[in-house]
Amino acid sequence: MKKQTTLIPLFKTFIRDTQTGKRLKKNGEKIKSQSIQNYIYVLKNLINFEIKTNVILRICDVSKLNKREYTSEKNYWKKFYKKFTEYLYANGCHDNYVGTNIKVIRTFFNYLKNDRDFFTGDFQRLFYVRSEDIEILVLSPEQLKFLIHDNIFEDSLPNSLQRIKDIFVFGCTTGLRFSDVFLLTNKNFEQQAEDWYLKVKSKKTKTFTFIKLSNYAIDIYKKYKSRSNIQPLFTKISLFNFNKHLKRLGMLAEFNNPIEISREMRGKTLQKDKNKQILFYEKMSSHMMRRTAITTLLILGMPEHLVRKMSGHSHSSNSFNRYVHYAQSYMDREIDKVHNKLEQY
């Protein structure tokens, strides 16, 4: 008879071992807090799935099963994958979110096998991880110029939104991630003759970058420069509030051009609601800073290998190739505008 163990307590142990550092990356580093947060979200989904289906998930060591029991266990996990993904889709989740859940569950299975010597049969290999390519949303060079140089607009903003604009523009110039921007202190800035440079080590990738700063980025630094070398340049703000204020900034800047966002479920593109129009500012977020910096450099002609060096992307990075394709499509549209003008007689 199968010896079964309930899954949820094991999953909680998996999270706890990750939080305490008992479970580490292959290189010995602690696993990032964002990954742990994803594990917690998946745990909540598994608990809610149990409640919805009135089934207690369980797991067993297949090394002690006969052939018939092994086949039965394999079918159990095939059925789980089907029902769990259907549950997520029924709750309005898209392929990327469902795929993230499945990736975490696969990681959990590997943890049981490698860290707990609990051989589950590697049934996680049966779990297909879906993903979707979502359009890259970035500021156009014209929009970025507006935020940098329009003094009348800046003066019309309350101090709180002026600070959001400054942080956003600084991120759009340097390509720093949201988490890295708020770690900056005076020690990250170095003056050489008349030039200023930003020296920073990415919190996510651990890579070092040395970036020459533009005049407007220098002005932002000097505006927020602290007397203390250990005090952060920018006062910390939660990601939620930053994104909320950023959307308001975009609305006031009249970045209200209609955009199309396509999402996928089960690999199929969802039909768009013709009565529901999405405006650009409604989708502005912290992710736009880094993406805008990379695409702006590519659009303005900086060689790809230099942009990669600044952004920390590897040569084979799929995400970087998406930026290249976006920049090329932007340049194609601008060239079409020129061609259309020349063709008019």
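This is a short dialogue on reading a helix pair, a ring pair and a pocket in a predicted model.

Colleague: Let's start with the helices. At what angle do α3 and α4 pack?

Modeller: For a helix pair, look at angle, axis distance and handedness. Here helix α3 (residues 67-90) packs on helix α4 (residues 95-114) at about 145°, and their axes are 10 Å apart. The crossing of α3 past α4 is right-handed.

Colleague: Which residues of α3 and α4 meet?

Modeller: On the α3 side, they include Trp-77, Phe-80, Tyr-81 and Phe-84; on the α4 side, Tyr-97, Val-98, Ile-102 and Phe-109 are among them. By class, this contact has 11 nonpolar, two polar and one charged residues.

Colleague: Now the rings. Why is the pair of Tyr-81 and Phe-127 called stacked?

Modeller: Check the planes: under 30 degrees apart counts as stacked. The planes of Tyr-81 and Phe-127 are at 10°, with ring centres 5.5 Å apart, so the pair is stacked. Tyr-81 sits in helix α3 and Phe-127 in the loop between α4 and α5, so to speak a link between distant parts of the chain, 46 residues apart. The model has 29 aromatic pairs by this rule.

Colleague: And the second largest pocket: which residues lie nearest its centre?

Modeller: With a pocket, go from volume to lining. This one has about 550 Å³ and 23 lining residues, with Thr-173, Lys-212, Leu-297, Met-302 and Met-310 nearest the centre. Elements giving two or more residues to the lining include α7 (159-174), β5 (208-212) and α11 (287-299). The lining divides into 15 nonpolar, five polar and three charged residues.

Note on methods: Residues numbered from 1 in each chain as written. Predicted model: local features only at pLDDT ≥ 70, side-chain atom pairs only at ≥ 80, totals over all residues. Heavy atoms only, no water. 1 Å grid on protein atoms, 1.4 Å probe; cavity = no way out; pocket = protein on both sides within 12 Å on 5 of 7 lines; lining within 4 Å. Points joined across faces, edges and corners; volume = space filled by probe spheres on them. Helix = DSSP H or I, 4+ residues; strand = E, 2+ residues; numbered from the N terminus. Nonpolar A, V, L, I, M, F, W, Y, C, P; charged D, E, K, R; others polar. Axes fitted to C-alpha atoms, helices over the stretch in contact; angles between N-to-C directions. Left-handed = near helix turned anticlockwise from the far one by under 90°. Contact = heavy atoms within 4.5 Å. Phe/Tyr/Trp six-rings, centres within 6.5 Å; stacked < 30°, edge-to-face > 60°.
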